[in-house]
Amino acid sequence: MKIKAKSNLKIDETLQVLAGKSITDKEDPIYKKYRQEWTDRPIRQDAGAFPLHIDLESTSACNLRCSFCWAETMRDDGGFLKRETAAKIFEEGSTHGLSAVKFNLRGEPLLHPELHKLVYDAKQSGLVDVFFNTNGLLLTEEKSLQLIEAGLDRLTISCEGYNEESYKKYRDGASFDTLVNNVKTLQKMKKDFETNKPQVRVQAVLLPEIIPLLDKYKSFWETIADEVSCRDYQDLDSIEEIVASSWVCPFIFQRISVLCDGTVLPCDRDLKMENPLGNVKDVSIHKIWTGDFINKMRQSHIAGRSHEVDICRRCPFREREIKKLEIKLANE
């Protein structure tokens, strides 16, 4: 399938807010400036000297085994990010305009015994958006207090269900009551401390069986969370290797990924870790971000040859966005 060249740079629109206000909608002028740059960089096709955002994996371990999770078959379950490794990244980022960090890629961040210290260090370095995704089962009262005091901006809790039966269908061995109590406790503690942070999003992956349950899902969670949302399901087994397209991925101008051992990957979609670009212990992120490998990726996309980049050709995000573009162009 080949699509005619056209201006089509877009931000990921796979997230749907069902209830509440988006937790990424903030009035802080510094944050708004960062988000404007997030939008503008892909349009200008300008990556700058440093990523705006880093997906920094706090751990590769997880306390659950969810059948629909891509990380299930790609996790080593052994690593925890060292505080000194993160500090090196934050120090470099503070001099190059790094604005955000998400503390996960493959694992469950709340397993990290010093997660709150990582959050604190990130905030102290000046990052305006510090967050992570979690299944929420380990969000004890103690951890909630630690994260509030550390200054965590937001967290996304992954949950497919509105009762024990619907929830355990997708997360075998997990307790829905524990999850709900954890979220309620965090929200109460925020009120007690007179703070609105961290903002809480409860989010479902849109598995086919989930779609008919969305109204009940929304009704249950909207009284508890700050935002209720859902995100498209990415079926890695059904990706079509689309030959050519004019679509250009925004991520290569915005963000980069670092595993818990310091290994740098060009993208969080490099699911099999096939393109390591060095380690932050030995090489700067600035050098990697402005280096040949990622620059060649960008030029391939700009030239309409993203299909020639291995990790891009098999990317579910690319496949979905190209299909959206095809529909859009057909309707014009």
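**Close-up views of cores and cavities**

**View 1. Surroundings of W221 in the predicted model.** Leaving aside neighbours within four places in sequence, W221 is in contact with C159, G161 and Y162, with F176, L179, V180 and V183, and also with V202 and V228.

**View 2. The largest nonpolar core and a separate one.** W221 is among the residues with the most contacts inside the largest nonpolar core, a set of 72 residues in which I54, L56, F90 and F103 are likewise listed. Helix α6, which spans residues 176-192, gives the most to this core, contributing six residues. Another core lies apart from it and has seven residues, including C249, F251, C315 and I322.

**View 3. The largest cavity.** Of the two cavities of 30 Å³ or more that a search of the whole structure finds, the largest holds about 100 Å³ of space. Its lining is made up of 13 residues, and those nearest the centre of the cavity are C249, C267, H301, C312 and C315. By class, the lining residues divide into 10 nonpolar, one polar and two charged, and the helices α9 (292-302), α10 (310-313) and α11 (316-331) each supply at least two of them.

**View 4. The second largest cavity.** With a volume of about 50 Å³, the second largest cavity is lined by L110, H112, P113, L115, H116, K143, Q146 and L147. While α3 (115-124) and α4 (141-150) each supply at least two residues of this lining, the largest share, three residues, comes from α4. Four of the lining residues are nonpolar, three are polar and one is charged.

Conventions: Residues are numbered from 1 along each chain as its sequence is written. This is a predicted model: local features need pLDDT of at least 70, side-chain atom pairs count only at pLDDT 80 or more; totals for chains, interfaces and linings use all residues. Side-chain values use heavy atoms; hydrogens and water are left out. A nonpolar core is a set of buried Ala, Val, Leu, Ile, Met, Phe, Trp, Tyr and Cys residues joined through side-chain atoms within 4.5 Å. Buried means under 20% relative accessible area, exposed over 50%, partly exposed in between (1.4 Å probe, protein chains only). Helices (H or I, at least four residues) and strands (E, at least two) are DSSP runs, numbered from the N terminus. Contact means heavy atoms within 4.5 Å. On a 1 Å grid over the protein atoms alone, a cavity is a set of points where a 1.4 Å probe fits but cannot get out, and a pocket is an open set with protein on both sides within 12 Å along at least five of seven lines; lining residues have an atom within 4 Å of a point. Grid points are joined across faces, edges and corners, and a volume is the space filled by probe spheres set on the points. Ala, Val, Leu, Ile, Met, Phe, Trp, Tyr, Cys and Pro count as nonpolar, Asp, Glu, Lys and Arg as charged, and the others, Gly among them, as polar.
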